Amino acid sequence: ECDDASPCSGLVTCQNTPGGFVCPDCPSGYSGSNKTGSGLQDATTNRQNCTDINECATNNGSCDSKTICTNAMGSFSCSSCPVGYTGTGLTGCTLGNFCLLNLHNCHKQFGLCKSVRPGQFECRVLLPLFSNWWPKY
């Protein structure tokens, strides 16, 4: 039956049995169940169908809400975290240290970036003559 009628989805391997056939469960990322049948007529009319699951249709595919979920056949992927965030779209995006990520607008020569909390920074004036005085600007 497997060779003559190809009753199984192309994603699984059909197994001939005495007088019949067995199609195993659809692979991960696909919906559809296993199929068993007997005889060529059953193999022709009782075909297995494995359908892609759109993981992105539910809860953004478990990707972070700041990222984009992209469905693919049998799987999905999450886009990168936006600028200023660390982590991955799958594990989660958290605000980064803008000073360490060089995402600040402090003066290149006379400014010093000081991280206040994730996603927030202050620019301090670097004055070599008054090393103990660092005003904000």
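**Exercise 1. Is Leu-101 buried, partly exposed or exposed, and what is its relative accessible area?**

Keep in mind that you are looking at a predicted model.

*Step 1.* Find Leu-101 in the loop between β9 (92–95) and β10 (111–117).

*Step 2.* Take its relative accessible area, which is 36%.

*Step 3.* Compare that value with the cut-offs: buried means under 20%, exposed means over 50%, and partly exposed is in between. Leu-101 is therefore partly exposed, because its value is 36%.

*Step 4.* Now look at the patch. Leu-101, together with Val-83 and Leu-103, makes a nonpolar surface patch of about 250 Å².

**Exercise 2. Work out which residues make up the largest nonpolar core, and which elements each supply at least two of them.**

*Step 1.* List the members: Cys-2, Ala-5, Cys-8, Val-12, Phe-21, Cys-23 and Ala-43, which comes to seven residues.

*Step 2.* Match them to elements. Helix α1 (2–5) and strand β2 (20–23) each supply at least two residues of this core.

*Step 3.* Zoom in on one member, Cys-23. Skip anything up to four places away in sequence, and you'll find that Cys-23 touches Pro-7, Cys-8, Asn-34, Lys-35 and Gln-48.

**Exercise 3. Find out how many disulfides the whole structure has, then describe the one that joins Cys-26 to Cys-50.**

*Step 1.* Recall what you're hunting for: a disulfide is a covalent bond between the sulfur atoms of two cysteines.

*Step 2.* Search the whole structure, and eight disulfides turn up.

*Step 3.* Pick the pair Cys-26 and Cys-50, where the S to S distance is 2.0 Å.

*Step 4.* Check the handedness. The torsion about the S-S bond of Cys-26 and Cys-50 is about -85°, so this disulfide is left-handed.

*Step 5.* See what gets tied together. Cys-26 is in the loop between β2 and β3 (30–31), while Cys-50 is in the loop between α2 (39–45) and β5 (51–52), so the link joins parts 24 residues apart in sequence.

*Step 6.* Finish with burial: Cys-26 and Cys-50 are both buried.

**Exercise 4. Do the same job for the disulfide between Cys-81 and Cys-93.**

*Step 1.* Read off the S to S distance for Cys-81 and Cys-93, 2.1 Å.

*Step 2.* Use the torsion. For Cys-81 and Cys-93 it is about -85°, so this disulfide is left-handed.

*Step 3.* Place the two ends. Cys-81 is in the loop between β7 (75–78) and β8 (85–88) and Cys-93 is in strand β9, so far a link between distant parts of the chain, 12 residues apart.

*Step 4.* Note that Cys-81 and Cys-93 are both buried.

**Exercise 5. Describe the disulfide of Cys-99 and Cys-113, then look at Ser-115 and say what it contacts.**

*Step 1.* The sulfur atoms of Cys-99 and Cys-113 are 1.9 Å apart. With -70° about the S-S bond, their link is left-handed.

*Step 2.* Cys-99 is in the loop between β9 and β10 and Cys-113 is in strand β10, so the pair ties together parts 14 residues apart in sequence.

*Step 3.* Cys-99 is buried, because its relative accessible area is 18%. Cys-113 is buried too, at 16%.

*Step 4.* Ser-115 also sits in strand β10, but Ser-115 is partly exposed, at 29%.

*Step 5.* Leave aside neighbours within four places in sequence, and Ser-115 is in contact with Asn-97, Cys-99, Gln-120 and Phe-121.

*Step 6.* For one last distance, try Thr-44: the C-alpha atoms of Ser-115 and Thr-44 are separated by 68 Å, and the two residues are 71 residues apart along the chain.

How values were computed. Residues are numbered from 1 along each chain as its sequence is written. This is a predicted model: local features need pLDDT of at least 70, side-chain atom pairs count only at pLDDT 80 or more; totals for chains, interfaces and linings use all residues. Side-chain values use heavy atoms; hydrogens and water are left out. A nonpolar core is a set of buried Ala, Val, Leu, Ile, Met, Phe, Trp, Tyr and Cys residues joined through side-chain atoms within 4.5 Å. Buried means under 20% relative accessible area, exposed over 50%, partly exposed in between (1.4 Å probe, protein chains only). Helices (H or I, at least four residues) and strands (E, at least two) are DSSP runs, numbered from the N terminus. Contact means heavy atoms within 4.5 Å. Patches are made of residues with over 30% relative accessible area and no salt bridge: like charges are joined within 9 Å, nonpolar side chains (Val, Leu, Ile, Met, Phe, Trp, Tyr) within 5 Å. Accessible areas come from the Shrake-Rupley method with a 1.4 Å probe; for residues, only the protein chains shown count as cover. A salt bridge is a side-chain nitrogen of Lys or Arg within 4 Å of a carboxyl oxygen of Asp or Glu. A disulfide is a pair of cysteine sulfur atoms within 2.5 Å.
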